[in-house]
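Got your viewer open? Let's take a walk through this one, a stop at a time.

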Amino acid sequence: RQDVLNSTVHGLHPAIANPNLQVVFADEEAADAGGLRREWYAELVTMATAPASQLFVSLADGLMVSPSAVGPWARQALWCVGVALALALVDGCSLGLTFASPILLLLANQQLTLPLLQAHDSILYRSLLSLHTMSAPELDSLDLKFERMAPSGEVLELEQGGSATSVTPDNVIRYTELWIAASLYIPPMDALAAGMRNVGVCPTLSLKSICYLLQGEASIDTEDWQAHTDVSTRAPRSYSGMG
């Protein structure tokens, strides 16, 4: 329990990361009927999103995966967080945290659109929106192609043949959709998404409902914990990875 994040990174694996996951805290005599699991993923996500973990960064609309979270430990930790977020939605358990639009959209199995971008990055939103009102000559003067510059300086095509495709009034909406998807894509997001998918359940919740659930009250409800925890029997020791 002193180091839930590290013990989870080393103890959680795909075979047991499912909606039936039960949690055992080492050296504790409580059997999990749902309450320990809720306590586990609340503590896990709180530790993983703390600045010290260097897994997430704070943006205008909430917490976002850090572009620097690329090492083996970081990717496994993000995978575990993905599992935890998916289980929190399955259980309808609030975490008291605000996540950025791309993470919420992953949970909702939706794509980021221009209107949703406004809350995530207002400057980028205004820049892309201005393209929609430009005439053909104005767009032509910008000489935009279906490509973008990567942080490394490399030019990346937004779609096959993008470097040879000019942006026009007819395809500007498609261009902005691809640009949004590419600009917000961060490789570590793959690990987070993989953890979410591993749970195997896609909650049929709206983006608003998901946002409300995750942002609710972070503290543990004692009555809820007792209702989902059996303290009358000694917990099995077959899985005690949560330290």
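**Stop one: a ring pair**

Select Tyr175, which is buried, with a relative accessible area of 5% (buried means under 20%, exposed over 50%, partly exposed in between, using a 1.4 Å probe and protein chains only). Before going on, know that this is a predicted model, where local features need pLDDT of at least 70, side-chain atom pairs count only at pLDDT 80 or more, and totals for chains, interfaces and linings use all residues. Residues are numbered from 1 along each chain as its sequence is written, and side-chain values use heavy atoms, leaving out hydrogens and water.

Now add Phe146, also buried, at 1%. The ring centres of Phe146 and Tyr175 are 5.4 Å apart with planes at 70 degrees, so this pair is edge-to-face (rings of Phe, Tyr and Trp, its six-membered ring, pair if centres lie within 6.5 Å; planes under 30 degrees apart are stacked, over 60 edge-to-face, the rest tilted).

**Stop two: a charge over a ring**

Pick Arg148 and Trp179: the charged end of Arg148 sits over the Trp179 ring, 5.4 Å from its centre (NZ of Lys or CZ of Arg must be within 6 Å of the ring centre and within 35 degrees of the ring normal).

**Stop three: the core**

Next, show Trp40, Phe56, Leu85, Phe99, Ile103 and Leu214, the residues with the most contacts inside the largest nonpolar core, which has 51 residues (a set of buried Ala, Val, Leu, Ile, Met, Phe, Trp, Tyr and Cys joined through side-chain atoms within 4.5 Å).
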